[in-house]
Amino acid sequence: MDTPKKISLTVFGLLMAAGALMWALQLGRGMIVTDMHNAYSWGLYVSALAFFVGNAAGGLVLSSMIYMFGVTSLKPFARIGALCAFANVTAAMLIVLPDLGQPFRVLNLLLHPQIMSPLVWDVIVLNLYAGLSLIYLYLLMLPDLADRTGILKKIALPVKDPAGFSDTWARRLAPFSLVAAVGIHVVTAWIFATQGARGWWHTAVMAPDFVAAALASGTAVVMLVAVLCYGTAEKFQNAFRIMAIFIATAFFIHLFLMYNDFVIHAWYGTDHAKEILAITLQEYGLAHAFEVLAPLLGVVVLLNRHVRKTVSGIIGGCLLMIAGIFVHRILLMPAAFNQIPLTLAPLGSQNTLWPVPIASGRYNPLADTFVTHHSYFPTLVEILIFAGVLSFVCALILVAVHKLPVVKEG
């Protein structure tokens with residue numbers, strides 16, 4: 001392993017250690033170390049869950065497209081797609097543990113599952129997806145495992161034609177992989193969309209919008225890792241072009257679905273709907289502008305033929321797309337939690353509704369204990385825990401690329 005990779009692994013290791021330390025602090029002191037409270041109960045952890053799940057879905061969709069639709073130019077990146085899918089779905093399962101407060105609560109999902117709860121469905125599909133992506137990665141690497149030494153040679157299946165076996169079974173699993181990739185994000189979207197009291201989430205557009213955003217960011221993640229592994233040789237330019245078109249198409253579908261929902265809220269015209277829009281477009285206007293303009297700039301960059309011939313250009317375009325979708329996941333929360341669903345009408349009033357204050361669960365002599373609004377911002381504890389999980393994804397991909405036949409030689 002060369003020096004830049006060693007330095008990267010060291011940085012990732014330090015961030016993972018810092019994240020583990022902050023999680024230990026949170027376990028000891030409780031959720032009070034976060035900026036969440038009773039009125040604003042989901043924050044960075046749940047936003048990161050949706051973000052990692054989206055990246056995982058995009059990775060396996062790309063790999064399954066090769067065998068389902070014959071996009072053979074993407075075949076060198078199939079293993080990278082499966083690896084990115086496994087790394088991100090593992091991160092999604094890790095990041096939800098700090099949000100539970102006490103991680104042993106996850107046992108309640110296993111011992112006393114409520115089958116009508118989308119949260120139970122999400123736990124099931126996350127684990128199934130992790131297993132499927134790992135199997136898919138193994139099948140794709142099988143032709144090269146037999147040529148390795150040590151444990152890698154021992155785990156290779158003793159088949160006469162490893163390449164044919166790999167290709168046959170990858171093609172057979174491709175439809176299931178595609179369904180699983182879409183399903184994992186649909187179920188995650190249902191966790192939000194089934195919250196009837198949250199008008200910002202309670203819409204049928206949520207699931208397809210989640211899938212579209214996932215395909216944009218997930219493909220950008222695979223493209224980013226691919227250019228770092230393979231560079232921008234001429235033989236890969238057609239693959240990068242297809243991925244850029246796929247990213248752009250998915251992002252524009254996401255924009256349409258998002259603004260379609262905005263128009264419905266504005267057209268409906270109730271105070272409730274206008275308040276939801278005002279929170280996103282006014283109070284968080286700069287963040288909303290970033291979630292739209294950064295990916296748009298990324299699309300312009302990636303669709304430029306000359307830019308795609310430079311490593312820095314592809315990295316910049318992919319990072320803009322990923323960052324924009326991440327901010328979009330963050331903005332799922334404010335308009336949902338800062339619009340109080342409980343209201344009462346003052347005595348004698350016909351048109352005025354007052355939001356009912358909610359106990360924050362915190363005591364501060366200089367602030368109100370009951371609140372109707374909270375300007376949430378993650379604390380250092382939350383940020384470092386997220387950074388630790390993100391570093392886990394990067395470290396896992398880096399080690400796998402170095403130790404396993406993920407990148408095809410020649």
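Among contacts in the chain between residues at least 6 apart in sequence, what percentage join residues at least 24 apart? Hello everyone, let's start there. The figure is 78%. Please keep in mind that what you see above is a predicted model.

Here is the overall picture. The chain contains 14 helices and 4 strands. It has 410 residues, and for that length a compact globule would have a radius of gyration near 22 Å; the chain comes out at 23 Å, so the two agree. Taken along the principal axes, the C-alpha atoms fill a box of roughly 85 × 45 × 40 Å. As for burial, 48% of the residues count as buried.

Now to the aromatic rings. How many aromatic pairs does a search of the whole structure find? It finds 21. Let me walk you through two of them.

Take Phe192 and Phe210. Their ring centres are 5.5 Å apart and their planes meet at 55°, so this pair is tilted. Phe192 sits in helix H7, residues 162–193, while Phe210 sits in helix H8, residues 206–230, and the pair links distant parts of the chain, 18 residues apart. Both Phe192 and Phe210 are buried.

My other example is Phe326 with Phe386. Here the centres are 5.2 Å apart and the planes are at 20°, so the pair is stacked. Phe326 belongs to helix H12, residues 311–330, and Phe386 to helix H14, residues 380–403, so the pair ties together parts 60 residues apart in sequence. Phe386 is buried, because its relative accessible area is 11% and the cut-off is under 20%.

Let's go back to Phe192 and Phe210 for a moment. Both belong to one aromatic cluster, together with Tyr40, Trp42, Trp201, Phe337 and Tyr376. Phe210 also has a charge over its ring: the charged end of Arg329 sits there, 4.6 Å from the ring centre. You can find another such arrangement at Trp169, where the charged end of Arg172 sits over the ring, 4.7 Å from its centre.

On to a spot I'd like you to look at in the viewer, Asp35. Where is Asp35 placed? It is in the loop between helix H1 (3–29) and helix H2 (44–68). Although it is in a loop, Asp35 counts as buried, at 18% relative accessibility. A polar atom of the Asp35 side chain lies 2.9 Å from the backbone nitrogen of Phe377. Leaving aside neighbours within four places in sequence, Asp35 is in contact with Arg362, His374, Ser375, Tyr376, Phe377, Thr379 and Glu382. Tyr376 is a name you have just heard, as one of the aromatic cluster.

Another loop residue is Asn338, found between helix H13 (334–337) and strand E1 (343–344). Asn338 counts as buried, at 3% relative accessibility. Beyond its neighbours within four places in sequence, Asn338 contacts Tyr40, Glu275, Ile279, Tyr284, Thr372, His373 and His374. So two names come back here: His374 is on the Asp35 contact list, and Tyr40 is in the aromatic cluster.

Next, two alanines in helices. Ala57 is in helix H2 and is buried, with a relative accessible area of 2%. Not counting residues up to four places away in sequence, Ala57 touches Tyr129, Ala181, Ile184 and Ala214. From C-alpha to C-alpha, Ala57 and Val211 are 8.1 Å apart in space, though 154 residues separate them in sequence.

Ala78 is in helix H3, residues 78–99, and it too counts as buried, at 2% relative accessibility. Apart from neighbours within four places in sequence, Ala78 is in contact with Ser63, Ile66 and Leu140. Ala78 and Met16 are 62 residues apart in sequence, and their C-alpha atoms are 28 Å apart in space.

Finally, the cysteines. How many disulfides does the count come to? The count is 0. For Cys84, the nearest cysteine sulfur is that of Cys229, 8.3 Å away. Cys84 itself is buried, with a relative accessible area of 0%. For Cys318, the nearest cysteine sulfur is that of Cys84, 11 Å away. Cys318 counts as buried as well, at 0% relative accessibility.

That's my tour. Thanks for listening!

Notes
Residues are numbered from 1 along each chain as its sequence is written. This is a predicted model: local features need pLDDT of at least 70, side-chain atom pairs count only at pLDDT 80 or more; totals for chains, interfaces and linings use all residues. Side-chain values use heavy atoms; hydrogens and water are left out. Rings of Phe, Tyr and Trp (its six-membered ring) pair if their centres lie within 6.5 Å; planes under 30 degrees apart count as stacked, over 60 as edge-to-face and the rest as tilted. Buried means under 20% relative accessible area, exposed over 50%, partly exposed in between (1.4 Å probe, protein chains only). A charge sits over a ring if NZ of Lys or CZ of Arg is within 6 Å of the ring centre and within 35 degrees of the ring normal. Contact means heavy atoms within 4.5 Å. A disulfide is a pair of cysteine sulfur atoms within 2.5 Å. A polar contact is a pair of N or O atoms within 3.5 Å; within protein, one must be able to donate a hydrogen and the other to accept it, and residues adjacent in sequence count only if both atoms are side-chain atoms. The radius of gyration is taken over C-alpha atoms; the globule rule is 2.2 Å times the number of residues to the power 0.38.
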